[in-house]
Structures are given as C-alpha cells and as structure tokens.
Amino acid sequence: MRKYGLSEFTEKLVTEMEKELHKVAPQYLLEKNVWKGQDTLRLRLRTVVSNGENNDGTDTEGIIEISPVVYLPVLYQDYISKLAEKCSIEEFARKLLSGMLSDESAFVYSTLADVFGKGNVEERCEVLLLPSDVANTEGYSYCRRWNDLVLVLAISAAESLVYLTDAFIKMFGVDVDRAYECALKSLNEEDFSILSTKDIYSATDEGAFDENIPQYVLTNELMFYGTRMVLREDVMARLYELCQGDFYLLPSSVHEWVICPKTVFDLREVVAVHREAQKALGPVKFLSSNVYIYRKEINAVSVVQTLNL
C-alpha cells in the first residue's frame, strides 16, 4: 500500500475528511491551522451558526469548538509506522472523523495516548495565564480564576501546547485539582527571569530609558507564557526587594509583565503608558487592559481601579 510524505499525507487526509464531512455532517466545519510551519498543523470541528450576516451565511462569532485539537505530524508518524500497510488513507480519514463526531478520542490514532496514558496526564500539566474571553472562545477548561484572568492547564506535545478542553479531560480521565497541583509544582521548579530596562533596550536606543529609574520585566527563561511567574511567592518577594516596596504590574502579552515600583511611578503615568502599549499591540496580543498592584501587606496581586484616570 502506498506511503505518503507529510505534506502529501496532510493534503490527502484533509481532502478526504472534508469530503466525508460534507456527506455525513455538513453543519460542521473542519478548520486547519498552522503554527511554526508544519510542526503543529491541526484540525478542529466547529459548529456553524447561520444568520446570513456574512457572505457564506454563517456567523463567525457563533462558531463553537466541539472536539479537541488533532496534531497532524503526530498522526502522520503513527500512520506511517503502524497503519499504512493495513489501512488506506481514505479509511483512516473516515475513522478519525467518526471518532471526532462521536465525541470519542480525537487522539485515537495519535501517540498522545501512548505517551501520557490515562491517569498520567496530571503530572505533565503546566499552568498558563490567559484572558477569560480567549479561554471561553477557544473552549479551554480553566481550573482557577486569577483576578480578571483565568488559569488554563496545558500539556506540551508535538512541539506545541495541547490545551485541556472538557473533551480532553473526559477522554483521559484527568483529575483537574491534581493536575493543578502538579502544574504549580512544576512552575516552582521553572527558571524565572527578571530583566531591567537596561538589559532589554540596546545601546542604540539612547533616551529610551533612564537608568536611575528602576523598571523591570518579569518572564520565564524561555520568555514563553512567562506571566505565570506571578503565581510564585518567591518571585513576588524578589520583586518587592528590587522595587523596595509595593509595585505595579503591567501585562502586555501572555509572555511577560512590566514591573513599576510604586515609590517611583505615579499611577496616572503607569496607566497612560499601559494604554499606549495596548494601542500599539492590539487586542489580539494583549493580555489585559487592567493595571495590577502587588501589596506586601496582604501578599497578593489585585486589579487597580483606573476608571477616572
């Protein structure tokens, strides 16, 4: 039986699934996304809410995820190593689609089940800090709230992150509370990074910062979803020491916080800087429009009221 390369496999699989989907469940859409090239090409099934507002008669705001993400490079490796001699790609596409539509394991042909195994997922979880509207729109299950943001659980797989959805939790029998505990333990072992503005701006950015005014950026060593470092008490204690008192936290992307000592920065100035940054980045990349403050007295971070500023 013929074997396919990854690109040809992807094209053929998607084509066959779309053909089958059109016949058996035309009310659903098959969505293809690419992140970092082909490493995390994925498929999703979503419902279509029709109200005739768009050219295709669908309301994109009403599209709801109904199945977990499927990572094609992982599927490809399994297909080539285990199934190519026994199952045609057409049959493979039909079985995968059937599993997704019937709310069975969307990863039935992936190595995820072999790697993690039912009951072992909790130990592989990590926690991310995301806007609640993003989590709700994408169908991610969040285990805790953090001020106006939410904590979402995810697992590193296929050189990307698999966010835990309700279907994923059901599929692997995930104990969410234990997963959260494991994620916090892993977080406490992760390297954090506190950079000063002098470390960030290049020598050619003359006037971009005043070296006499302390200002910092909090992230992790990889600068990837580094905002979660705010959950660590030891990190907050280190920032309190550097700032010599309470401090403001300005979230930009999901990867870092800008830290401004309260003893140095006026709240109006902080709010103005934050709003300008939000305009520059746009809502898609921005974590939150709020300004936060860490208070040593209560050892906690809270939202600052800025409506009148």
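**Close-up 1. Ser 193 sits in strand β9, in this predicted model.** The strand itself covers residues 192-196. Ser 193 counts as buried, because its relative accessibility is 15%. Leaving aside residues up to four places away in sequence, Ser 193 touches Val 217, Leu 218, Thr 219, Asn 220 and Glu 221. Strand β9 turns up again in the next view, as one of the elements that the buried residues of α9 pack against.

**Close-up 2. Helix α9 has its buried residues on one side.** Which residues of α9 are buried? They are Val 235, Met 236, Leu 239 and Cys 243. Their arc around the axis is only 100°, so they share the same side of α9. Look to the other side of α9 and you'll find Glu 233 and Glu 241, both exposed. What do the buried residues of α9 pack against? The list is β9, β10, β11 (247-251), β12 (257-261), β13 (292-295) and β14 (300-303). Just after α9 comes Gln 244, with a positive phi near 55°.

**Close-up 3. Met 223 and Asn 147 are two loop residues with positive phi.** As background, most residues other than glycine have a negative phi. Met 223 isn't a glycine, yet its phi is positive, at about 55°. You'll find Met 223 in the loop that runs between β10 (216-220) and α9 (233-243). Asn 147 isn't a glycine either, and its phi is also positive, at about 55°. The loop holding Asn 147 lies between β6 (142-146) and β7 (149-157). Is Asn 147 buried or partly exposed? Asn 147 is partly exposed, because its relative accessible area is 34%.

**Close-up 4. Cys 143 and Cys 182 are buried cysteines without a bonded partner.** How many disulfides does a search of the whole structure find? The search comes back with zero. Cys 143, for one, is in no disulfide: the nearest cysteine sulfur belongs to Cys 125 and is 8.8 Å away. Why is there no bond from Cys 182 to Cys 125? The closest cysteine sulfur to that of Cys 182 is the one in Cys 125, and at 7.5 Å it's too far for a bond. For reference, a disulfide is a covalent bond between the sulfur atoms of two cysteines. Cys 143 counts as buried because its relative accessibility is 14%. Cys 182 is buried too, with a relative accessible area of 19%, under the 20% cut-off.

**Close-up 5. Leu 128 is a buried residue of strand β5.** The strand takes in residues 125-131. With a relative accessibility of 0%, Leu 128 counts as buried. How many residues along the chain separate Leu 128 from Met 229? They are 101 residues apart along the chain, but their C-alpha atoms are separated by 9.4 Å.

**Overview. The whole protein puts these close-ups in context.** Its secondary structure comes to ten helices and 14 strands. The protein has 309 residues, and 45% of them are buried. Take the contacts between residues at least 6 apart in sequence: 61% of those join residues at least 24 apart. As for the surface, the protein exposes about 16,300 Å², with carbon and sulfur atoms supplying 48% of that area.

Methods: Residues numbered from 1 in each chain as written. Predicted model: local features only at pLDDT ≥ 70, side-chain atom pairs only at ≥ 80, totals over all residues. Heavy atoms only, no water. Helix = DSSP H or I, 4+ residues; strand = E, 2+ residues; numbered from the N terminus. Buried < 20%, exposed > 50% of the residue type's maximum accessible area, 1.4 Å probe, protein only. Disulfide = S-S within 2.5 Å. Contact = heavy atoms within 4.5 Å. Areas by Shrake-Rupley, 256 points an atom, 1.4 Å probe, with all protein chains shown as cover. Arc of directions from axis to C-beta.
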